[in-house]
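Biologist: Before we discuss this chain, I would like to see it, and then I will ask you to justify the terms you use for it.

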Amino acid sequence: MDCGGNTYEQAVLNFAKNVWLQTHGMLKDKEARRDAIFERWAKDSGCESD
């Protein structure tokens, strides 16, 4: 699982936040918003993926 962070502590906090979001059924919404932002950025920068 990739939860990312600049430090170990930040990665653990991100993991805990993702577990909380998943428990409350909100993680898929967060991922969908992230994907939409990435797609918009990729389109604007000309780096669209296949």
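Modeller: This is a predicted model, and helix α1, residues 8-23, is a good place to begin, since its 16 residues reach 23 Å from the first C-alpha to the last.

Biologist: What makes that span close to the expected one?

Modeller: At 1.5 Å a residue the expected value is 22 Å, and α1 reaches 23 Å, which is close to it. For α2, which has 19 residues, the reach from first C-alpha to last is 27 Å, close to the 27 Å expected. The chain has two helices and zero strands.

Biologist: Which residues of α1 are buried, and how do you know that they line one face of the helix?

Modeller: The buried residues of α1 are Ala11, Asn14, Asn18 and Leu21. Seen down the axis of α1, they fall within an arc of 85 degrees, so they line one face of the helix. In general, an α-helix has 3.6 residues a turn, so residues three or four places apart point the same way. What covers the buried residues of α1 includes α2, residues 27-45, whereas Tyr8, Glu9, Leu13 and Thr23, on the other side of α1, are exposed.

Biologist: Why is glycine 4 called partly exposed?

Modeller: Its relative accessibility is 32%, and because buried means under 20% and exposed means over 50%, glycine 4 counts as partly exposed.

Biologist: Where does glycine 4 lie, and what does glycine 4 touch?

Modeller: Glycine 4 lies in the segment before α1 and, leaving aside residues up to four places away in sequence, touches Gln10, Ala11 and Asn14. The C-alpha atoms of glycine 4 and asparagine 14 are separated by 7.0 Å, although these residues are ten apart along the chain.

Biologist: Which glycines take a positive phi just after the helices?

Modeller: Just after α1, glycine 25 has a positive phi of about 70 degrees, and just after α2, glycine 46 has one of about 80 degrees.

Biologist: How much of the chain counts as buried?

Modeller: Of its 50 residues, 12% count as buried, and of an accessible surface of about 4500 Å², 55% belongs to carbon and sulfur atoms.

Key:
Residues numbered from 1 in each chain as written. Predicted model: local features only at pLDDT ≥ 70, side-chain atom pairs only at ≥ 80, totals over all residues. Heavy atoms only, no water. Helix = DSSP H or I, 4+ residues; strand = E, 2+ residues; numbered from the N terminus. Buried < 20%, exposed > 50% of the residue type's maximum accessible area, 1.4 Å probe, protein only. Areas by Shrake-Rupley, 256 points an atom, 1.4 Å probe, with all protein chains shown as cover. Expected span 1.5 Å × (residues − 1). Arc of directions from axis to C-beta. Contact = heavy atoms within 4.5 Å.
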